[in-house]
Amino acid sequence: MRIKAKRMILIIVVCIVVYLVAGAIGPFIKYKDVSSQTAEEFRADSFRSSEAGTDRAMLLETSESALEHRIRLINGAKSRIILSTFDMRNGESTKDLLSVIWHKAEEGVKVQILVDGVSGLIRMEPDPLFHAVASHPNIQIKIYNPVNPLMPWKTQGRMHDKYVIVDDSAYILGGRNTFDYFLGDYDSKNKSLDREVLIYNTAQGEENSGESSLFQVEAYFNRVWNLDVCRLFHDDEGQQKKKRIQKQMELLEARYQELREKQEGFFDTAYDYTAHTCAANRIRLVSGPIGIYGKEPDIFYTLTELMKQAQERVVIHTPYVVTNDYMNETLTEIVDTVPQVKMVINSVENGDNFVASSDYQYHKKDVVATGISLYEYDGGLSTHGKSLVIDNDLCAVGSYNFDLRSTYMDTELMLVIQSEELTQQLMEYMGDIEKDCRMVVDEKNYVVPDHVTVAKVPFLKRLAWKVVGFLLQPFRVLA
């Protein structure tokens, strides 16, 4: 009887695991083709203009500048603040941001915060800080696709977008999540190199303000915010009667006063964004499908179609590369038509994504076979920036990784900017990273600069990469 009972328990456990795994992967197992609408509407000349637009642009290369400009913009808000993030965690930088947001909400500014479902469950649900913020009558928090383990086919629908919009004055968009690993200088040991762009609307408050790309991003936000799969997070003012919530409210108020004293420059209302930004002729938001199931590779298609128009060069910076046949064939086509095509990724020794590193080693030969000039970054800190350059006047910054998950699963954004000055600045920042790269010769060999030291990885971790890389093959889209 005991043997039968154990066997029955084992069968039940196996069935549950199969149900969860098959359910999670099912909606994504077949790669979709690019949507006919995206293919028909693509026009390369729609990304360029002969005249300067209303927007000006600034790259945010450091985590310190990312926090500084978030606080400065939010502090200047008059009517609305929008924050969308893949991952929000309690920490010093998050308390800084939320304290300023709380203060502005007290002044009557309307705030909308949108967070991915996994972060909402793991990071926010157990934390009274986020319950306190959600209790404010002028703040609404929504969770994109809250996790429901009983419905595994919904669990992998993730929102990977990261941006902040303030009034019609400015926005920040890029690859940074909302916690200390990405913002500020609180966590000096665990940092990530990342990249964002700040767009300043010089026509704010004027009749032609609506020409700003800010409204492209806001329209996208509203589409996602109003999805049926987005749910309000504890939108209950009555929570403010609870002592644990009152404690967090007091913390936010005290934090705001402390921040103003310690970082007086962040609150400088005379900061001249026009003087610190670059002119841009045209800025266009590139987005993909926003639902929770398998997606057409619309962003990859749009970006690579633009690359095919390049006359001189294409430079891609992405944390990691995970490709299928369609993506490899497209990259090969670009390499065959553009004089210089370069891609920079983290080396597996330097990166912080174990699964992507495992898959890369398994399929490295396929990426090399495209003919792309491939470089692996070994600078010590993992690079998380997602950006590209096309010739001398076009660049893109956003959340899209050159991997299967970003291409077929997650919501993603890239901002394509026509600006010779900004593109030159981005090339210089890219060049600094490339100094600490080794060039891939083939699947096993490199050209390694004398000053570059490749981190030593224990044998067991290397073995684990190989094992996971092999086991991952039926589920590569998750990488």
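**Exercise 1.** In this predicted model, determine which residues of helix 12 meet which residues of helix 15, and state how the two helices are oriented to each other.

*Solution.*
Step 1. On the side of helix 12, the contact is made by F354, S357, S358, D359, Q361 and Y362; their partners in helix 15 are K461, A464, W465, V468, G469 and F470.
Step 2. Sorted by class, this contact comprises 6 nonpolar, 4 polar and 2 charged residues.
Step 3. Two packed helices are described by the angle between their axes and the distance between the axes. For helix 12 (residues 354–369) and helix 15 (residues 459–471), the angle is about 75° and the axes are 8 Å apart.
Step 4. Angles from 65 to 115 degrees count as roughly perpendicular. Helix 12 is therefore roughly perpendicular to helix 15.

**Exercise 2.** Describe the packing of helix 4 with helix 8, and locate H103 within it.

*Solution.*
Step 1. The axes of helix 4 (residues 92–106) and helix 8 (residues 243–262) cross at roughly 100° and come within 8 Å of each other. The two helices are therefore roughly perpendicular.
Step 2. The class count for this contact is 8 nonpolar, 2 polar and 6 charged residues.
Step 3. H103 belongs to helix 4 and is among the residues of that helix that meet helix 8; L252 is one of the residues contributed by helix 8.
Step 4. Although H103 and L252 are 149 residues apart along the chain, their C-alpha atoms are separated by 8.3 Å.
Step 5. With a relative accessible area of 23%, H103 is partly exposed.

**Exercise 3.** Establish which residues of helix 5 are buried and how they are arranged around the helix axis.

*Solution.*
Step 1. The buried residues of helix 5 (residues 117–124) are G117, S119, G120 and M124.
Step 2. Viewed down the axis, these residues fall within an arc of 165°, so they line one face of helix 5.
Step 3. The elements they pack against are strand 3 (110–116), helix 6 (128–134) and strand 4 (139–144).
Step 4. At the start of helix 5, a side-chain oxygen of D116 comes to within 3.2 Å of the backbone nitrogen of V118.

**Exercise 4.** Decide whether T318 is buried or exposed, and identify its surroundings.

*Solution.*
Step 1. T318 is situated in the loop between strand 11 (313–317) and helix 11 (325–337).
Step 2. Its relative accessibility is 2%, so T318 counts as buried.
Step 3. Beyond residues up to four places away in sequence, T318 touches M343, V344, I345, N346, G385, N401 and F402.
Step 4. For F402, the backbone nitrogen is reached by the side chain of T318 at 3.1 Å.

Definitions and conventions
Residues numbered from 1 in each chain as written. Predicted model: local features only at pLDDT ≥ 70, side-chain atom pairs only at ≥ 80, totals over all residues. Heavy atoms only, no water. Axes fitted to C-alpha atoms, helices over the stretch in contact; angles between N-to-C directions. Helix = DSSP H or I, 4+ residues; strand = E, 2+ residues; numbered from the N terminus. Parallel < 35°, antiparallel > 145°, perpendicular 65-115°, else oblique. Contact = heavy atoms within 4.5 Å. Nonpolar A, V, L, I, M, F, W, Y, C, P; charged D, E, K, R; others polar. Buried < 20%, exposed > 50% of the residue type's maximum accessible area, 1.4 Å probe, protein only. Arc of directions from axis to C-beta. Polar contact = N/O pair within 3.5 Å; in protein donor to acceptor, adjacent residues only side chain to side chain.
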